[in-house]
Amino acid sequence: MWEDRLSSLVAEFLAGHDPEVIDRTQFLRARFDAGLAWVHYPVGLGGLDALRELQPLVNEAFAAAGAPDNSPHRNGIGLGMAAPTILRYGTPALRKRLLRPLWTGEEIWCQLFSEPGAGSDLAGVATRAVREPDGGDGADADGGNTAHAASWIINGQKVWTSLAHQARWGLLLVRTDPDLPKHQGLSYFVCDMTAPGVEVRPLRQLTGEAEFNEVFLTDVRLSDELRLGEVGQGWQVARTTLMNERITIGGRPMPREGGMIGVLAEAWRHRPDRRTPGLHDELLRLWVRAEAVRLTGMLVRQQLAAGDPGPEGSVVKLAYATLTQAASSLELELLGADGLRYDDWSLRRPDRVDMLGRTPGYRYLRARGNSIEGGTSEILRNIIAERVLGLPAEPRADRHTAWKDLPR
Amino acid sequence: MWEDRLSSLVAEFLAGHDPEVIDRTQFLRARFDAGLAWVHYPVGLGGLDALRELQPLVNEAFAAAGAPDNSPHRNGIGLGMAAPTILRYGTPALRKRLLRPLWTGEEIWCQLFSEPGAGSDLAGVATRAVREPDGGDGADADGGNTAHAASWIINGQKVWTSLAHQARWGLLLVRTDPDLPKHQGLSYFVCDMTAPGVEVRPLRQLTGEAEFNEVFLTDVRLSDELRLGEVGQGWQVARTTLMNERITIGGRPMPREGGMIGVLAEAWRHRPDRRTPGLHDELLRLWVRAEAVRLTGMLVRQQLAAGDPGPEGSVVKLAYATLTQAASSLELELLGADGLRYDDWSLRRPDRVDMLGRTPGYRYLRARGNSIEGGTSEILRNIIAERVLGLPAEPRADRHTAWKDLPR
Amino acid sequence: MSVDLRYSEVEGELRDNVRAMLAARCPWPTVLANPDPDPALWSLLATEMGLAGLAVPERLGGGGAGLRENAIVCEELGRTVAPVPYLASAVVATQTLLACTAQRWLTQLADGSRRAALVVPIDTPPGPSGVRPAATGSHPGIAGGVGVRADEHRLTGTVPGVADAATADLLLVPTRDELWIVEATAVGVSRSPVVSLDQTRPLVDLTFDAAPAYRIAAGRPAGAALHWGLTAGAVLLAAEQYGLAQWCLEAAVDQLKSRYQFGRPIGAFQALKHRLADAWVEVTQARAVSRYAVGVLADADPSAGPSTEAQVAAALAQAHCGPIAVRLAEECVQLYGGIGFTWEHPAHLYLKRARTAAVAFGAADRHRSALAGLVDLPPA
Amino acid sequence: MSVDLRYSEVEGELRDNVRAMLAARCPWPTVLANPDPDPALWSLLATEMGLAGLAVPERLGGGGAGLRENAIVCEELGRTVAPVPYLASAVVATQTLLACTAQRWLTQLADGSRRAALVVPIDTPPGPSGVRPAATGSHPGIAGGVGVRADEHRLTGTVPGVADAATADLLLVPTRDELWIVEATAVGVSRSPVVSLDQTRPLVDLTFDAAPAYRIAAGRPAGAALHWGLTAGAVLLAAEQYGLAQWCLEAAVDQLKSRYQFGRPIGAFQALKHRLADAWVEVTQARAVSRYAVGVLADADPSAGPSTEAQVAAALAQAHCGPIAVRLAEECVQLYGGIGFTWEHPAHLYLKRARTAAVAFGAADRHRSALAGLVDLPPA
């Protein structure tokens with residue numbers, strides 16, 4: 001029924017909007033307004049209050065008609081993380097303002113969470129937001145919605161910010177009350193990346209290039225209207241964002257020999273001169289592990305499709321990182337002197353990151369990040385041990401102490 | 001000078017005590033009385049107050065003369081751990097009574113430390129010693145030397161006790177005051193293994209045999225004179241014992257392909273029909289690791305000989321366990337069906353344990369104990385991290401709480 | 001190839017039933033007290049619950065289900081180290097006979113009244129020649145000498161180290177290019193028990209001295225049937241290994257929650273937590289891999305022998321699940337510490353089963369070599 | 001064989017001096033700012049401190065010490081990823097020339113005024129034929145084609161991926177069965193720099209086009225000299241790898257003590273503590289193994305080529321220390337987390353050096369294969 005309705009809605013829309021004729025942005029805006037952007041979103045915000053599972057149907061219909069898509073890879077943080085957070089915590093005005101240009105890709109988003117001193121311990125962020133004198137006391141944790149006209153002054157430094165140099169908006173986690181225990185003194189804003197005092201600097205990696213940025217925030221003034229959730233509720237809002245980050249992991253179907261193992265297998269096939277029995281055994285071990293990760297990913301997707309996600313996604317993240325690192329390392333052993341040729345050490349800002357591209361040395365170096373970015377392997381193991389296996393938490397001193405009194 | 005003196009003392013002694021003629025025990029007693037048992041011990045206790053390094057000289061001279069030795073392998077705990085503890089903490093009367101028959105091997109010793117509930121956490125022992133009513137209050141931690149005539153009543157269970165069924169004496173760690181924090185409420189006794197209420201039961205291992213025992217102590221009465229150290233000082237005394245245990249580890253020189261790796265290498269050489277390239281690579285990896293452990297042992301011995309022990313001994317214990325486990329496992333993979341033949345599952349009490357003997361299956365099973373006995377690998381890693389690398393201790397709640405109030 | 005890796009509702013119910021029965025009838029103290037094959041347990045499982053013939057068509061007295069259902073049973077048997085020859089009889093022998101369409105014998109096996117064993121050394125890998133896998137679509141003859149030759153319907157020879165043959169009523173005996181059935185009690189058959197590392201899956205040395213035999217297949221079909229039977233065995237053993245590993249993980253988690261040292265449960269120590277997290281990651285992968293292999297085989301026709309993908313899936317399952325079961329059992333012993341090293345604690349039952357299973361149907365190394373040929377990763 | 005694995009007092013003093021100089025002159029920000037070979041640092045180290053000629057006899061202007069002293073320097077250079085061609089010139093080239101007793105050139109190298117490089121691809125293992133080691137006492141001719149041939153004292157050919165040849169004044173060039181010296185600036189020599197994974201030990205592709213050359217050895221002695229030079233290189237590289245691993249361990253310990261997360265130093269988290277304990281165990285073993293290899297070689301006569309035990313010790317050193325250096329550098333990056341992944345933190349300098357060094361003189365796998373032949377563990 002829904003299926004039929006959606007098919008006819010798409011057909012109707014396409015009849016009125018010929019993708020061959022209409023400008024790309026106009027087309028996407030119109031698709032959003034027709035509720036065919038993300039059908040599970042509310043009516044008026046790009047959706048039709050339909051089931052999430054129906055979206056692929058719509059996408060396929062548009063793709064079949066040769067319609068432009070919203071280049072989802074260009075705005076992963078916006079679509080994957082910002083949108084659900086805004087939907088859940090944004091005021092009606094914010095939703096209205098932000099969601100359409102987000103979906104169409106006219107406005108790119110970034111995430112201003114991590115700091116030099118708050119990596120694994122994200123709730124330890126030190127970037128301060130102080131309410132402007134005329135707006136009341138910024139340290140008032142239950143100030144809530146009472147002071148609408150106020151602004152906040154933000155000072156601090158964020159790191160590992162993909163896309164900051166292209167972003168119009170950032171998801172910003174800040175400390176509004178250092179006297180409270182760390183999880184309680186946080187608030188969450190949408191940061192205007194064009195505001196005065198926002199400085200974006202490329203952050204160079206060990207590969208030579210800069211995929212990420214540092215973002216320095218100096219006396220940045222943000223209107224209180226840009227706040228998501230209550231003052232002091234920042235950690236809860238951030239968890240919504242992060243949960244949506246996790247869902248996207250392990251979601252892509254992977255063919256056999258997809259990923260780094262395929263690169264390695266091809267190197268093996270093409271370089272009989274470099275083969276040894278010892279390397280052969282290592283190759284086969286990795287091949288087996290790669291299949292195990294791939295099949296676990298298949299299981300995860302089947303469970304997701306059945307509406308029963310389960311914790312197995314973390315297996316994929318953890319094991320894939322180890323595997324990619326080992327496989328890229330073995331490629332270097334296999335190639336010997338030939339593998340030691342790099343292409344370019346100059347500082348570049350890549351348009352798109354292909355972790356399996358460039359040279360064997362690049363692949364090896366870039367893979368080091370797999371066990372750090374998006375949650376370190378150490379933190380993932382903690383989560384598995386406590387949430388999946390139910391093992392007791394370690395003794396912790398930082399849950400009930402005022403943030404300002406924690407050693408750092 | 002000392003060298004010359006010792007040589008002539010030995011020559012003199014041998015002139016008066018022909019090993020061909022004199023009874024073995026008489027010979028050993030006389031050697032003890034002549035101060036030639038352990039020359040670094042005090043005069044009157046089997047020694048001459050000489051340097052420890054001179055002992056090999058004496059032993060070699062006796063061996064060259066065909067004299068009987070004191071079969072040190074039969075009384076490892078007595079010679080290695082009990083003797084130095086008695087020397088340091090024993091009353092003059094106890095030293096006099098215990099050291100001679102210990103050294104001659106007439107009295108075998110065992111160690112009553114571990115309990116079912118106190119393994120890695122040895123200071124958590126629950127075996128209770130209560131001072132007999134006529135002797136004062138057993139819970140009085142600073143009772144000290146005041147109540148000489150008293151006795152103690154011991155109740156509890158010890159495990160993993162090698163030699164308990166042959167031992168005349170045991171080194172016994174007990175709790176005398178449950179109201180103090182755990183390290184402070186312990187005392188240390190010499191346990192008379194012939195006393196009523198001492199029951200020794202064989203403890204069967206996964207190999208089928210029983211190398212160890214459980215010792216049940218039920219209303220065992222021990223004289224206060226058998227106490228080593230003050231009441232409440234038991235942990236300090238136990239540390240002396242354990243320190244001497246550690247010194248003995250990694251002390252034996254090992255030839256290339258000594259230990260399990262040699263067994264595996266020979267299996268490889270004798271079974272060309274079972275070889276595969278993959279197993280070959282694994283074999284070579286283990287061979288390399290075995291050499292690395294062996295050379296580290298060489299380094300440890302060179303440092304010890306130079307009077308500069310260093311922490312490297314723990315490397316040998318830790319790495320040797322892992323290596324032996326891996327090598328015995330690989331032997332099973334190599335031999336396939338042939339490796340699955342065991343010899344005997346019946347409960348036996350072996351006279352002497354040869355960890356590399358019997359069948360591949362036995363070697364594999366017995367090697368599991370290498371990372372548990374004599375300090376688990378986990379505890380060793382903690383010690384390395386904190387004492388060698390200086391990393392901070394984890395938060396601990398059990399140092400200052402009364403033992404009786406600790407969760408268990 | 002797309003395979004449903006989840007458990008269906010029916011499979012879940014089957015698992016619950018088997019688990020409940022085993023918990024009541026075969027807890028580990030029972031196994032420890034007597035690890036020898038348990039005929040009463042076999043009757044219960046095979047006949048009363050009707051699980052021996054799960055994969056046999058209904059018209060032959062079976063359950064009309066398939067290998068997916070067999071796998072559920074194997075997972076549970078792995079969890080309990082139950083001493084029954086299910087894998088040998090209800091899987092390997094049954095699948096071999098299915099591939100030969102040897103109906104008369106299938107009927108006997110389907111109701112559990114008789115048990116069969118394939119007479120090859122326990123470490124015989126699928127693909128009759130041992131290490132080298134069959135090229136796509138071909139099934140080489142039974143080469144490499146199983147040690148028995150046929151002469152006018154009489155078998156003579158020796159096969160050492162055969163698993164679960166001690167309690168078998170029927171023996172499936174491969175010769176150089178034929179497949180035979182021999183009654184275990186026939187004249188000329190002698191079975192010499194082996195003191196085995198895994199007492200719950202004991203080995204026997206078999207000797208045939210002109211034992212009367214019935215030929216059920218010859219030539220290429222015999223090769224294909226044997227290849228299929230061993231492949232099914234390797235895959236279902238992986239299910240058992242997954243079940244075993246899962247039990248060891250749960251036991252280790254229990255220990256970490258209930259054992260206190262230094263005033264807190266040892267599970268609050270992060271080094272142990274991370275080790276168990278890694279163990280869970282491995283066990284989860286073992287599940288995906290073994291489920292995939294079972295799924296691939298379940299959809300196939302036995303008489304055609306294993307497809308290339310089935311061979312890949314089987315090699316993958318054994319290369320992956322065998323070592324994981326061993327590692328989990330070893331972790332379990334280590335984390336129980338001294339107790340885990342004793343005879344009285346069940347950990348060693350799992351250790352011995354896992355260590356033996358890791359060699360059964362060929363060690364991981366041989367399966368990796370087999371994969372090399374199947375997926376075009378040629379040796380040096 | 002008994003070797004003193006400890007450091008003598010003199011060795012300790014040498015280490016302190018080198019370490020102090022490098023700390024002052026070559027801290028990592030200097031290397032990071034310019035990872036290219038540093039001629040001023042070379043002068044200081046080689047000439048002023050007199051370390052280039054440590055192993056050269058005093059009558060040839062050297063220090064009259066030996067490989068043990070070279071090893072101290074290499075350990076320190078590993079600790080600092082210093083961009084100087086010490087291993088190439090003061091070890092490999094010098095030892096090769098010592099084995100040839102090529103006095104004239106040794107004198108030039110001993111005072112550091114000139115640098116030399118052996119012209120082979122960086123991944124050339126000792127034992128000229130590559131994988132297979134020489135049988136006891138024999139030194140096979142230079143087989144396997146280094147890509148250069150000699151014609152009337154003129155060399156022609158190409159050798160890709162030569163380490164530290166960019167700054168060399170003299171090139172030691174092996175041909176099929178001879179060893180030649182070529183002036184790097186001679187006509188017919190062209191050097192094409194390679195963008196290298198390890199910028200502190202850059203590679204060069206070398207081409208000779210009828211370049212004039214001087215023959216220093218031929219036949220069996222040339223083979224022995226080359227075998228010796230590469231063996232010494234492999235062993236002294238292990239010393240460098242040990243130094244590098246030790247630095248990474250110390251850096252990781254520093255991080256664990258000073259980085260706070262969750263209200264405490266991350267070094268109070270047991271999982272990380274245990275990882276570093278394991279790392280220390282590995283580094284300690286790397287020390288024993290590399291010290292042993294250096295000790296065995298230090299007592300030998302270069303012109304006889306490496307003894308069997310020297311070959312064993314060298315293969316062992318590379319099979320063991322190379323992977324440990326890589327693992328420690330990887331651990332260091334991981335434990336520094338995001339920071340360790342940046343260009344501004346020194347961890348990547350060590351990672352690139354370690355990863356490159358693990359391939360230099362042949363990867364661990366090739367050294368294990370060499371061991372197999374040396375210690376009678378024949379392949380399948």
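A residue counts as buried when its relative accessible area is under 20%. A:Cys191, at 0% relative accessibility, is therefore buried. This report concerns a predicted model, and it treats the cysteines, the domains and the interfaces between chains in turn.

## Cysteines

A disulfide is a covalent bond between the sulfur atoms of two cysteines. Over all chains, the structure contains zero disulfides. Two cysteines illustrate the reason. For A:Cys191, the closest cysteine sulfur belongs to A:Cys110 and lies 7.4 Å away, which is too far for a bond. The cut-off for a disulfide is 2.5 Å between the two sulfur atoms. For C:Cys74, the closest cysteine sulfur is that of C:Cys321, at 13 Å, and this separation is also too far for a bond. C:Cys74 has 1% relative accessibility and therefore counts as buried.

## Domains

In chain A, the domain assignment gives domain 1 (1-69) and domain 2 (239-389). The C-alpha centres of domain 1 of chain A and domain 2 of chain A are 34 Å apart.

For chain C, the assignment gives domain 1 (9-114), domain 2 (132-219) and domain 3 (222-375). Taken over C-alpha atoms, the centres of domain 1 of chain C and domain 3 of chain C are separated by 20 Å. In the contact of these domains, domain 1 of chain C contributes 26 residues and domain 3 of chain C contributes 31 residues. Between them, domain 1 of chain C and domain 3 of chain C bury about 2400 Å², with 70% of it on carbon and sulfur atoms.

The interface of domain 1 of chain C and domain 3 of chain C also includes two salt bridges. In chain C, C:Arg79 and C:Glu250 form a salt bridge in which the closest N and O atoms are 2.9 Å apart. Six residue pairs are in polar contact between domain 1 of chain C and domain 3 of chain C, counting pairs with both residues at pLDDT 80 or more.

## Interfaces between chains

The size of an interface is often expressed as the accessible area that is lost when the parts come together. The table sets out this area for two pairs of chains.

| Pair | Buried area | Share on carbon and sulfur atoms |
|---|---|---|
| Chain A and chain D | about 3900 Å² | 58% |
| Chain D and chain C | about 380 Å² | 57% |

Which residues of chain A lose the most area to chain D? They are A:Leu206, A:Leu340 and A:Trp345, which together account for 19% of what that side buries. The contact involves 50 residues from chain A and 44 residues from chain D. Six salt bridges are found across the interface of chain A and chain D. A salt bridge joins the side chains of A:Arg368 and D:Glu330, at 3.6 Å from N to O. In addition, 23 residue pairs are in polar contact between chain A and chain D, with both residues at pLDDT 80 or more.

Between chain D and chain C, five residues of chain D are in contact with five residues of chain C. On the side of chain D, the residues that lose the most area to chain C are D:Phe269, D:Gln270 and D:Ala271, together 88% of what that side buries. By class, the side of chain D that touches chain C has three nonpolar residues, two polar residues and no charged residues. Zero salt bridges are found across the interface of chain D and chain C. The count of residue pairs in polar contact between chain D and chain C is three, with both residues at pLDDT 80 or more.

Notes
Residues are numbered from 1 along each chain as its sequence is written. Chains are lettered from A and ligands numbered from 1 in the order in which they are written. Side-chain values use heavy atoms; hydrogens and water are left out. Domain bounds come from an automatic or database domain assignment. Buried means under 20% relative accessible area, exposed over 50%, partly exposed in between (1.4 Å probe, protein chains only). Contact means heavy atoms within 4.5 Å. Buried area is the accessible area (1.4 Å probe) that two parts lose on being put together, summed over both. A salt bridge is a side-chain nitrogen of Lys or Arg within 4 Å of a carboxyl oxygen of Asp or Glu. A polar contact is a pair of N or O atoms within 3.5 Å; within protein, one must be able to donate a hydrogen and the other to accept it, and residues adjacent in sequence count only if both atoms are side-chain atoms. Ala, Val, Leu, Ile, Met, Phe, Trp, Tyr, Cys and Pro count as nonpolar, Asp, Glu, Lys and Arg as charged, and the others, Gly among them, as polar.
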